[in-house]
Amino acid sequence: GTRSGKPFIAQNCAALPSNLLEGLLFGTAKGGFTGAVDRAGLFERANHGTLLLDELNSMPYELQSKLLRFLQESYIRRVGGSEDIPVDVRVITTVNEDPVDLIRQENSVRTYTTDRLSVVTLNIPPLRERRGDIPYLAQALIEKHHAKMGKRLSELPRDVLRQLMEYDYPGNVRELENILIQAMFMMDGDSGFTTDILDLP
């Protein structure tokens, strides 16, 4: 697309408290509060590109109104500032619960926010409902981590793969990744995966 060569920035909304998240997203203006400096936020840094807001349902309810203002007007205002700054950002959001259920929960996700964001909605089923993806995901995750751990790995043995595919993964792909990382730590040199080093409940 037209933004493919432009900035792509991801931020987990559950990773920071609301007062820090607001400044990180929208930036700060010098003199706006004690110790404040002029600093661009993620919206400005992602200008002409894409901003991924992971776990939007963890964003404070009050902060969502500021996000909604940007979605409607395409400008932001830094924390403590008075200048409206136009930005051109494609926003992608993720939630880890059913959006309809989130709207019904008090002080969770504003209806207007989901209306503005739900231009294109993709539902990714939990890993337990798409077990055919596990071999490909496992291989990709191993390739992602094996070099920095100093491990040389061939493809997973059938008994290990069978055990991975039988597990339900309440933590989805992140849990699969953590299981594989732990197993790689437990490996004896380059001996490969065995079922006894997989830490599955």
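**Figure 1. Isoleucine 92, a partly exposed residue on strand β5.** Buried means under 20% relative accessible area and exposed means over 50%, with partly exposed in between. Isoleucine 92 comes out at 36% relative accessibility, so this residue counts as partly exposed. The model shown here, and in the other views, is a predicted one. Isoleucine 92 sits in strand β5, which covers residues 90–93. Leave out residues up to four places away in sequence, and isoleucine 92 touches Thr50, Leu51, Leu52 and Leu53. Leu51 and Leu53 turn up again in Figure 4, as members of a core of 21 residues. Threonine 121 is also worth labelling: 29 residues separate threonine 121 from isoleucine 92 in sequence, and their C-alpha atoms are 9.8 Å apart in space.

**Figure 2. The whole chain, for orientation.** The protein has eight helices and five strands. Going along the sequence, they follow the pattern β-α-α-β-α-β-β-β-α-α-α-α-α. Of the 201 residues in the protein, 37% are buried. How many of the contacts between residues at least 6 apart in sequence join residues at least 24 apart? The share is 68%.

**Figure 3. The largest nonpolar core, with leucine 198 picked out.** In soluble globular proteins, nonpolar side chains tend to be buried together. Here the largest nonpolar core has 22 residues, and Leu164, Tyr169, Leu180, Phe193 and Leu198 are those with the most contacts inside it. Three helices each supply at least two residues of this core: α6 (134–145), α7 (158–166) and α8 (172–186). Helix α8 gives the largest share, six residues. Zoom in on leucine 198 and, setting aside neighbours within four places in sequence, you find contacts with Val160, Gln163, Leu164, Ile179, Ala183 and Phe193. Leu164 and Phe193 are on the list of residues with the most contacts inside the core, too.

**Figure 4. A second core, elsewhere in the protein.** There is a second, separate core of 21 residues. Its members include Ile9, Leu25, Leu51 and Leu53. Two of these, Leu51 and Leu53, are among the residues that isoleucine 92 touches.

**Figure 5. Stacked rings between helices α1 and α2.** The aromatic pairs in this protein come to three. How are the rings of phenylalanine 26 and phenylalanine 43 arranged? Their centres are 5.1 Å apart and their planes are at 15°; planes under 30 degrees apart count as stacked, so this pair is stacked. The pair links distant parts of the chain, with phenylalanine 26 in helix α1 and phenylalanine 43 in helix α2, 17 residues apart. Phenylalanine 26 is buried, at a relative accessible area of 1%, and phenylalanine 43 is buried at 0%. Ring pairs also bring in Phe70, giving a cluster of Phe26, Phe43 and Phe70.

**Figure 6. Tyrosine 167 and tyrosine 169, edge-to-face.** The ring centres of tyrosine 167 and tyrosine 169 lie 4.7 Å apart, with the planes at 75°. Planes over 60 degrees apart count as edge-to-face, so that is the label this pair gets. Tyrosine 167 counts as buried at 13% relative accessibility, and tyrosine 169 counts as buried at 0%. Tyr169 also appears in Figure 3, among the residues with the most contacts inside the largest nonpolar core.

**Figure 7. The largest cavity, lined in part by the phenylalanine cluster.** A search of the whole structure turns up one cavity of 30 Å³ or more. About 40 Å³ of space lies in it. Which residues line this cavity? They are Phe26, Lys66, Arg69, Phe70, Tyr75, Ile76 and Arg77. Helix α3 (61–73) and strand β3 (75–76) are the elements that give two or more residues to the lining, and α3 has the largest share, with three. By type, the lining splits into four nonpolar, no polar and three charged residues. Phe26 and Phe70 belong to the ring cluster of Figure 5 as well.

**Figure 8. The second largest pocket, with α1 in its lining.** This pocket holds about 230 Å³ of space. It is lined by 15 residues, and Leu20, Gly23, Leu24, Thr28 and Arg39 are the closest to its centre. Two elements give two or more residues to the lining, α1 (18–26) and α2 (42–45). The largest share, five residues, comes from α1. Sorted by type, the lining has seven nonpolar, five polar and three charged residues.

Notes. Residues numbered from 1 in each chain as written. Predicted model: local features only at pLDDT ≥ 70, side-chain atom pairs only at ≥ 80, totals over all residues. Heavy atoms only, no water. 1 Å grid on protein atoms, 1.4 Å probe; cavity = no way out; pocket = protein on both sides within 12 Å on 5 of 7 lines; lining within 4 Å. Points joined across faces, edges and corners; volume = space filled by probe spheres on them. Helix = DSSP H or I, 4+ residues; strand = E, 2+ residues; numbered from the N terminus. Nonpolar A, V, L, I, M, F, W, Y, C, P; charged D, E, K, R; others polar. Core = buried A, V, L, I, M, F, W, Y, C linked by side-chain atoms within 4.5 Å. Buried < 20%, exposed > 50% of the residue type's maximum accessible area, 1.4 Å probe, protein only. Contact = heavy atoms within 4.5 Å. Phe/Tyr/Trp six-rings, centres within 6.5 Å; stacked < 30°, edge-to-face > 60°.
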